[in-house]
Amino acid sequence: MRFRRKSDKTAIPRNAASKRILENFIPPEGVPIGFELASLGARFGAVILDLILTWLFILLLILAVAWLGLLPKTALFALVAILAFFVGVPYYVVSELIWNGRTLGKRIVGIKVISADSRALGAHQVVARNLLKDIEFFAPLGMALQWNYTSTAQSWIAAAILLVWTLFVAIYPIRNKRKQRLGDVVAGTLVIVKPKAILLDDLALTEAQGGFSFDQAQLDIYGSYELQTLEAILRDPSKNPLHAAELAKVAKAIARRINYSEHAIGADPRPFLMAFYRDQRERLESRLLFGERRQDKFHGDAAKPK
Amino acid sequence: MNDQVSPSRIEAELLRSARFRKLREPGWRRLEVLVKQAETHGTAGLNYTEAKELAAQYRQAMTSLALARDISLDLALLNYLDQLCARAWLVVYVPQRSLSGAFGRLLRQGIPQAVRRSLLPLLIGFSAMLLGAITGFVLFFRDRSWFYTFVPGGLSDGRAPGASVGYLRDTLYGDASLHSSDVLTAFAAYLFSHNTNIAIFIFGLGIFWALPSFVLTFYNGLMLGAFFALFVQAGLGYDAFAWLSIHGVTEISAICIACAGGARLGLAGLMPGQMSRKDSLRLHGRDAVKLFLLAGLMLLVAGVVEGVLRQTVTSPELRLLIGWGLGGFWLLWLWRSGRTGGAKV
């Protein structure tokens, strides 16, 4: 398996829904699959959740120990220090090892660490990415929180260094194509959204009502981008009355574009749009069988609008 | 939504892509069930036929995906197959890796081999500490006030220029109050977590072209040198050396090794050679992590020694013996372990 640059366009057909798709992730079967990269927001949220959960755990444990009087006071401070250490790097390493790339926070958010070389996630990868998490996230955070905000020259220099450092580690994953932070680069890992497979109904199965029919010239105008946009509009689950008005607008626009009588649409635009969707898809798919992929309305055979 | 339509009419009117979908959907649904099962109980939870079925259905789904991309424009179908295949791929090709035996392998081969491959970074790490220590030592004898620059107030604990020889001797041999075993254990654990945090810091900062690791280790060396010089001046050089040795041989080496791990990362980014920076970082990251794990292990041992033995063993000779004996043990292990047959020359 390998990643290639964007050069070959045939791999995954771009469609309206794909935004943050990992390009050309090719399993041994040779069929590229499109993983969705986790957004930095989701990852940040997962870390915050982890922080809250772990410190809540420490707090409850300390309260319980103190309440039961199990340890003398001096040992209690040592216990806090030790626990604080263990919910740092060790917690992330152990949880990602146990749950195969997911901490508690990642489980809640629904994201997952995978190895970029498409093999099983190795222990050294988990250790590497979490050791650097300390430098990229916890250390700047801790320093900013404990900063001694006095304005001596020394502290200004230190503050400038901290600022540059924080900016560097913050900008790096934003600029990175695969949203890898430094730790991910060293470890060779990616964070993806855990795929959820939901099969929606096939719109082309609904019975054509109202006897709409389209001739070939009318079906040669749009491409698959428009078709799939129409599909998304028809699936829109919003029940608001505005949606019906939108549908009517879309139907009118299509009718105008393909020279279809606007009066023939009728009061409810849905049957017209369904019929058009079905016929348009049939037409485009038959062209596809002959090796012609019409990406959008700017394809070669498109009739020019008058 | 399609129960209002008579089936026979559908068959006749069905688009090619819709027929394709109708025909294969049961297989995909079965795969969904299998994947779900494997996700919750692990692939080990599947029995023989189920595992076989999972592999077969996964390949079929992959074929379906390839086909669908060529014949269908149904976005719902394409997205579903994409996601289903991705999920199944995670189950089939990215299983939970077994960790049994990994630790033993790491100790027998992984770490010693990584250390032997990292001589230049190790040189950087140890020389940073050594240069720091020498500088701190020399500067202290030039002008004692350097001590206050190097050693933060909280750490010195009254051990500063001008403290009486008696007090300094007490810090090396005294502190009977700490002798209950509970407190010693807590102290050891505290030392371990504190030192490991420093080591993580030194290691991770190495990614910034190794410079911060070097500076931090050098600074640790400065403190060490100034401290030692303080005791030498009070005529307690031998005792302080013994006091430092019992845990320091291990602990200070661990810090140097963490620095070496950081240097390994930094050098990988700085001088990637023929590789891209990313590839170089990933390649050298493996050894760097092993160096760090070694540092963590040594800090664990040092924490126990420092927390327990240093308080209970008070003879300088015995302290020297334990400290340097331990050092010799590390050296022997790292030098000899994990050599394969062909390595002998």
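Why is strand β2 (residues 189-193) of chain A largely enclosed by the rest of the structure? Select that strand and look around: 4 of its 5 residues are buried, so the rest of the structure largely encloses β2(A). (Buried means that 20 or more other C-beta atoms lie within 10 Å of a residue's own, with C-beta atoms placed from the backbone; 12 or fewer counts as exposed, and in between is partly exposed.)

A word before moving on. This is a predicted model, where local features need pLDDT of at least 70 and side-chain atom pairs count only at pLDDT 80 or more, while totals for chains, interfaces and linings use all residues. Residues are numbered from 1 along each chain as its sequence is written, and chains are lettered from A and ligands numbered from 1 in the order in which they are written.

**The strand pair**

Keep β2(A) on screen and add strand β1 (residues 111-115) of chain A: the two pair in the antiparallel sense over 5 bridges. (Pairing takes at least two DSSP bridges between the strands.) Now click Ile114(A), whose bridge partner in β2(A) is Leu190(A).

**All of chain A**

Zoom out, and chain A shows 11 helices and 2 strands. (These are DSSP runs numbered from the N terminus: H or I of at least four residues for helices, E of at least two for strands.) Along the sequence the pattern reads α-α-α-α-β-α-α-α-β-α-α-α-α. Of the 306 residues in chain A, 32% are buried.

**Two helices side by side**

Next, select helices α1 (residues 40-68) and α2 (residues 73-86) of chain A, whose axes come within 11 Å and cross at roughly 160°. (Axes are lines fitted to C-alpha atoms over the stretch in contact, and angles run from 0 to 180 degrees between N-to-C directions.) α1(A) and α2(A) are therefore roughly antiparallel, a label for angles over 145 degrees. Show side chains for the contact: α1(A) brings Ile58(A), Leu61(A), Ile62(A), Val65(A) and Ala66(A), and α2(A) brings Leu76(A), Leu79(A), Val80(A), Leu83(A) and Ala84(A). (Contact means C-beta atoms, placed from the backbone, within 7 Å.)

**Where chain B comes in**

Finally, turn on chain B: 64 of its residues are in contact with 60 residues of chain A. Elements giving two or more residues to this side of chain B include α2 (16-41), α3 (48-71) and α13 (277-312) of chain B. Colour α10(B) last, since you can see there the largest share of that side, 15 residues.

Note on methods:
Angles under 35 degrees count as roughly parallel, over 145 as roughly antiparallel, 65 to 115 as roughly perpendicular and the rest as oblique. Two residues are in contact if their C-beta atoms, placed from the backbone, lie within 7 Å.
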